[in-house]
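Q: Please take a close look at the aromatic pairing in this model, and set it in the context of the rest of the fold. Which parts can be read in detail, and which cannot?

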Amino acid sequence: QASAMPEDDTNRTASTAGIDLAKALELLNARTSQNNAGPHRRSCPCCVRNGAPDVRSPASQEGGRVPSPAAAGIVTHDMTGMGIHELVRLLHVMQSERVESYDMFESGFLQFLEELSAPRYEEICAQVTAEFAHISGAVNAIEGALASAGASAISKQVRTLQDLEKRKLSATVELQLVRREQRVAELRATVDEPGADGTNVAEKHAECATLRAGIAELVSGINDAMDEIQCELAELSDSDD
């Protein structure tokens with residue numbers, strides 16, 4: 001199941017009560033060097049670490065940086081003994097985790113726009129980055145296991161799914177950047193010359209609309225790919241009867 005699209009909030013204006021707008025503008029324009037990501041743990045049924053089920057903690061002990069599981073060489077996705085139906089069920093689990101990760105990403109970004117707190121947003125970005133890397137690795141392993149099990153048609157649909165998810169994540173990040181730029185333009189118009197950046201705000205609003213439309217198309221394609229996987233699975237079951 002693909003994640004639901006976030007509601008259109010391009011017309012939302014963060015409360016400015018008690019906020020120094022000039023400082024807020026500076027914060028939005030600059031990336032903070034702080035990165036205080038705390039541990040975000042999630043168990044995965046296909047992960048093993050030294051032969052035992054892995055409960056992942058994306059943040060390392062060195063400055064809270066989040067290493068790539070593949071680069072760290074400590075997490076593998078073990079599909080041994082899983083049948084085709086079980087692999088497809090695991091795929092649905094991974095897709096559900098993607099939904100949760102997108103929700104966390106959007107929630108963190110909205111909090112950033114409201115509270116103008118970059119460190120918390122960077123913490124959520126670090127957590128979400130680790131989660132997406134983990135999920136992608138698991139789905140890649142599912143794809144390979146399905147191909148090895150002779151379910152090539154399903155495996156190909158999983159590859160299509162992965163390609164669409166990659167494009168969706170890229171578009172989602174781009175959308176957040178444009179939404180941030182729109183907020184910067186709104187603050188500039190308030191701090192510097194009211195009304196001066198009205199055109200730029202309108203342009204950013206239009207860019208957001210275009211990106212949202214593109215993401216909606218990708219979500220539709222993701223749903224179609226998942227439907228195709230279920231259809232292929234049903235046909236495979238019928239042929240086994």
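**Aromatic pair and its surroundings**

A: The secondary structure of this protein amounts to six helices and three strands. Along the sequence they come in the order α-β-β-α-β-α-α-α-α. The model is predicted, and its confidence should be taken into account before any detail is discussed.

The mean pLDDT of the protein is 74, and 63% of the residues score at least 70. Helix α3 has the highest confidence in the protein, at 91, while strand β2 (residues 52-56) has the lowest, with a mean of 36. Two stretches stay under 50. One is residues 31-41, where the model has 29 contacts beyond four places in sequence. The other is residues 48-75, with 54 contacts beyond four places in sequence. Where pLDDT is low, predicted coordinates should not be read in detail.

Now to the aromatic rings. A search of the whole structure gives two aromatic pairs. In one pair, phenylalanine 109 and phenylalanine 112 have ring centres 6.3 Å apart and planes at 50°, so this pair is tilted. Stacked would require planes under 30 degrees apart, and edge-to-face over 60. Both phenylalanine 109 and phenylalanine 112 belong to helix α3 (residues 84-115), where they are three residues apart, about one turn of the helix. Phenylalanine 109 has a relative accessible area of 1%, so the residue is buried. Phenylalanine 112 is also buried, at 5% relative accessibility. The cut-off for buried is under 20% relative accessible area.

Another ring has a charge over it: the charged end of lysine 168 sits over the ring of tyrosine 102, at 3.9 Å from the ring centre.

The next helix along the chain is α4 (residues 118-148), with 31 residues. At 1.5 Å a residue, helix α4 should span 45 Å, and its end C-alpha atoms are 45 Å apart, which agrees. Just after α4, glycine 150 has a positive phi of about 90°.

Valine 139 is one of the residues in helix α4, and it is buried, with 0% relative accessibility. Setting aside residues up to four places away in sequence, valine 139 touches Leu91, Met94, Arg98, Val158 and Gln162. The C-alpha atoms of valine 139 and methionine 94 are separated by 7.1 Å, although the two residues are 45 apart along the chain.

A second buried position is found in helix α6 (residues 198-240), which contains alanine 225. Alanine 225 has a relative accessible area of 3%, so it counts as buried. Beyond its neighbours within four places in sequence, alanine 225 contacts Gln157 and Leu161. Between the C-alpha atoms of alanine 225 and leucine 161 the separation is 5.9 Å, with their positions 64 residues apart along the chain.

Some totals complete the picture. Of the 241 residues in the protein, 42% count as buried. Among contacts between residues at least 6 apart in sequence, 76% join residues at least 24 apart. The accessible surface of the protein is about 12600 Å², and carbon and sulfur atoms account for 50% of it.

To return to the request: the tilted pair of phenylalanine 109 and phenylalanine 112 lies in helix α3, which has the highest confidence in the protein. Residues 48-75, by contrast, have pLDDT under 50.

Methods
Residues are numbered from 1 along each chain as its sequence is written. This is a predicted model: local features need pLDDT of at least 70, side-chain atom pairs count only at pLDDT 80 or more; totals for chains, interfaces and linings use all residues. Side-chain values use heavy atoms; hydrogens and water are left out. Rings of Phe, Tyr and Trp (its six-membered ring) pair if their centres lie within 6.5 Å; planes under 30 degrees apart count as stacked, over 60 as edge-to-face and the rest as tilted. Helices (H or I, at least four residues) and strands (E, at least two) are DSSP runs, numbered from the N terminus. Buried means under 20% relative accessible area, exposed over 50%, partly exposed in between (1.4 Å probe, protein chains only). A charge sits over a ring if NZ of Lys or CZ of Arg is within 6 Å of the ring centre and within 35 degrees of the ring normal. Contact means heavy atoms within 4.5 Å. Accessible areas come from the Shrake-Rupley method with a 1.4 Å probe; for residues, only the protein chains shown count as cover. pLDDT is the predictor's confidence in each residue, from 0 to 100. The expected span of a helix is 1.5 Å times one less than its number of residues.
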